[in-house]
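Let's go through some of the labels people put on a model like this one and ask what backs them up. Have a look first, then we'll take them one by one.

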Amino acid sequence: MKKINKVLGLLLIVLLVTGVWGTTALAATVNDDQTITLKIIHTNDIHSRYTYSAQNNTLGFAKLKTIINQETPDLVVDAGDIFHGQSFATIENGGSIAELMAAVGYDAMAPGNHDFNYGSARLLQLGTMANTKILANNVTYSESGNLFFSDDYLIKEIVVADEVIKIGVFGLISPDIYSDTAPANVAGLSFGTQESVIATAQQAVAALEAQDCDVIVALTHIGDSDNGTLMRSDAIAEGAPGIDVIVDGHTHDVENRDVNGTLIVQTGCYFGAVGEVEITLKNDLALAARIDSAEAANIGVVPAEATAEIIATEIPAEVISSEDDILAENLIAEINTEAAPLDDDALVAAVADIQTDQAAVSYTVVSKTETLTTVAQATDDVIPADPTVAALTAAIEAREDPIKKQVVGNTPVKLGGSTDNIWQDVRLGELNLGRALSDSYRFVTGAEIAAENAGGIRAQIPAGDINKGQVIDVLPFGNYLVTKSVSGADIKKMLETSIEIGINNQIANDKNDNSWPGNSGSYLQWSGITAQYDLAKPIGQRVFSARVGGVDLDPNRSYTIACNNYLATSSDYPGLKTAAIINEYSACDEAFISYLQNAGHDRFMAAINNANVTKGTAPQPASNPQPAQSAQKKSANNPRTGYGPWPWTMMLRSVAYLAVW
Ligand SMILES: [Zn+2]
């Protein structure tokens with residue numbers, strides 16, 4: 001499309017006659033006005049929601065297959081975070097999802113951060129099982145700098161009405177989310193920097209243009225964050241011009257916008273919709289034919305009669321020798337009847353292109369539109385489930401069923417937050433589920449304190465019997481427990497940091513935009529420690545009371561803390577990160593199951609009912625004490641947790657030890 005003034009109809013005709021490409025399936029459509037429409041079907045952030053459910057707003061792979069059968073797209077892609085998220089996927093380390101992807105017929109995907117959750121080696125296997133190219137041009141081996149995934153690009157050749165259109169696809173993952181998976185999962189790999197990723201995108205565009213792609217698609221697991229510091233897909237559109245469509249993912253947004261001439265699309269998340277981009281192209285011959293005389297003057301088009309002479313003199317004999325005079329005559333006839341011809345210089349350039357680069361760009365994108373098919377629209381009469389994919393889905397469910405259905409415990413109340421949005425609830429406050437999980441980590445390890453990061457908790461559990469599948473849905477990462485020895489002073493810093501993250505999460509939630517902090521998932525759910533904090537106090541000085549085992553936290557003493565191996569390396573908690581590992585234990589889901597089966601009802605109920613870290617009012621200096629009643633009133637006003645007042649005697653004691661910090 002960039003070569004429009006240089007390579008016109010002549011070149012197109014030569015290419016068609018000489019037939020430099022083989023044939024592939026016809027999918028694109030030729031419209032009445034001779035334009036050609038290509039279709040791209042795309043998904044993102046499915047997080048293993050594999051099946052159709054109107055109630056859960058998931059469309060599922062069987063209906064996606066039907067959409068593909070109905071629409072006959074030229075390209076089917078996913079923008080990442082597909083292999084992981086629910087027990088259906090994790091029981092088989094993503095293999096179940098890969099099988100369904102292969103049945104659906106994806107061409108390519110960008111890897112999401114969660115796609116690395118089974119380790120980078122497993123992700124390579126999953127790509128093979130899914131028969132889908134995984135594309136991420138910025139994921140390299142740290143040492144060699146070589147690409148980690150085996151393909152740098154997908155170039156798909158579409159034959160339509162005897163013409164060939166090349167779609168070039170490359171992929172990117174945000175460099176900001178390198179640490180959004182356990183370090184072992186991405187060990188030895190680099191995701192680059194925000195700057196280097198833009199340079200990588202520029203190189204990819206140049207490489208695909210050099211291979212004469214008519215349409216360039218970027219698969220990006222980057223997203224539409226309004227955080228202000230995290231990379232946005234806009235930066236790719238602005239920094240690497242020439243991309244026709246960015247199929248985006250990661251931030252779970254619905255995107256459909258033009259940035260710097262690039263269409264950026266994203267479908268939301270959890271299979272709530274399937275996207276379809278229609279790209280309409282006009283070949284340059286047809287475009288040239290439409291140029292009126294005024295435009296022709298601007299770009300230096302010469303009269304048709306002159307063209308025959310130029311062709312006769314400028315095209316080297318070897319180019320047309322095999323076709324002899326018939327080809328030359330055809331060329332001249334075509335150009336004279338259908339197109340405003342090239343000027344002299346352009347024709348010479350075109351001839352040079354023929355000699356050096358037979359597959360030159362010869363189409364122009366004239367429009368791009370995005371349409372979503374939502375779950376509500378995908379009713380059985382309009383989009384019935386594809387029987388083959390439905391049968392495969394049922395077969396996978398059947399083989400997993402005995403594992404998932406095993407009852408491992410019971411809860412008299414829902415374990416979760418005040419809404420059905422666990423992702424949000426667990427980042428905004430302490431939940432009974434978070435306390436129970438953390439208590440299970442102490443139960444299994446014997447640690448004094450335990451913490452679980454909000455990002456590690458991915459589902460809630462309704463009241464009633466708890467089965468193994470539900471536990472895996474809550475803790476799908478396959479993380480394992482570690483214990484570390486951390487000073488009381490560092491534990492206090494962890495409390496302060498988590499409180500600050502929670503405040504920033506609340507601000508983002510109140511704004512209801514995409515400004516969630518990058519570390520929103522580092523908000524902590526605790527066990528084994530009780531603490532109170534005062535939001536009127538400055539950052540880092542809000543915790544005015546902390547007790548472990550009923551005794552005030554001693555900043556100079558070391559405490560054993562249990563947490564998952566991911567949190568143990570979090571840069572949000574340097575004191576925890578740098579502490580040496582004392583011991584490693586079983587997987588987190590196994591720990592919770594053991595707790596449900598062995599810790600006893602009383603301990604479980606105490607954990608879910610008793611708040612640990614609560615809002616309050618710091619006591620005034622002892623010289624000017626406030627009435628206890630007033631302090632109690634303020635400390636009891638947290639509607640989310642609703643815990644009891646801070647005893648006055650304890651406040652006085654906390655004043656004393658606060659001086660130590
Ligand atoms: Zn993601």
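Q: Why are α16 and α20 called roughly perpendicular?
A: The axes of helix α16 (residues 432-445) and helix α20 (residues 588-598) cross at roughly 85 degrees and come within 8 Å. Angles of 65 to 115 degrees count as roughly perpendicular, under 35 as roughly parallel, over 145 as roughly antiparallel and the rest as oblique, so α16 and α20 get the perpendicular label. The axes are lines fitted to C-alpha atoms, for helices over the stretch in contact, with angles running from 0 to 180 degrees between N-to-C directions.

Q: Which residues make that contact between α16 and α20?
A: On α16 they are L437, S440, Y441, F443 and V444, and on α20 A591, F592, S594 and Y595. Contact here is a matter of C-beta atoms, placed from the backbone, lying within 7 Å. By class, the count is seven nonpolar, two polar and no charged residues. Nonpolar covers Ala, Val, Leu, Ile, Met, Phe, Trp, Tyr, Cys and Pro, charged covers Asp, Glu, Lys and Arg, and the others, Gly among them, are polar.

Q: What sort of model is this, and how are its residues numbered?
A: It's predicted, so local features need pLDDT of at least 70 and side-chain atom pairs count only at pLDDT 80 or more, while totals for chains, interfaces and linings use all residues. Numbering runs from 1 along each chain as its sequence is written.

Q: What makes α16 largely enclosed by the rest of the structure?
A: 14 of its 14 residues are buried, so that's the verdict for α16. Buried means 20 or more other C-beta atoms within 10 Å of the residue's own, exposed means 12 or fewer, and partly exposed is in between, with C-beta atoms placed from the backbone. N432, found in helix α16, is buried with 23 such neighbours within 10 Å. Leaving aside neighbours within four places in sequence, N432 is in contact with L415 and I608.

Q: How do you know that the length of α6 agrees with what a helix should span?
A: At 1.5 Å a residue, the 17 residues of α6 (residues 194-210) should span 24 Å, and the end C-alpha atoms are 25 Å apart, which agrees. The expected span is 1.5 Å times one less than the number of residues. Helices themselves are DSSP runs (H or I, at least four residues), as are strands (E, at least two), numbered from the N terminus.

Q: Why are the buried residues of α6 said to line one face?
A: They are V197, T200, A201, A204, V205 and L208. Seen down the axis of α6, they fall within an arc of 140 degrees, so they line one face of the helix. That arc is taken over the directions from the helix axis to the C-beta atoms. The buried residues pack against β8 (163-173), β10 (215-221) and α7 (233-239), while E195, A206 and A210 are exposed on the other side.

Q: What makes Y270 buried and N57 partly exposed?
A: Y270, in the loop between β13 (262-267) and β14 (273-283), is buried because it has 20 other C-beta atoms within 10 Å. N57, in the loop between β2 (36-43) and α2 (61-71), has 16, so it's partly exposed.

Q: What is phi near in N57 and in Y270?
A: Phi is near 55 degrees in N57, and near 55 degrees in Y270. Most residues other than glycine have a negative phi.

Technical notes:
Contact = placed C-beta atoms within 7 Å.
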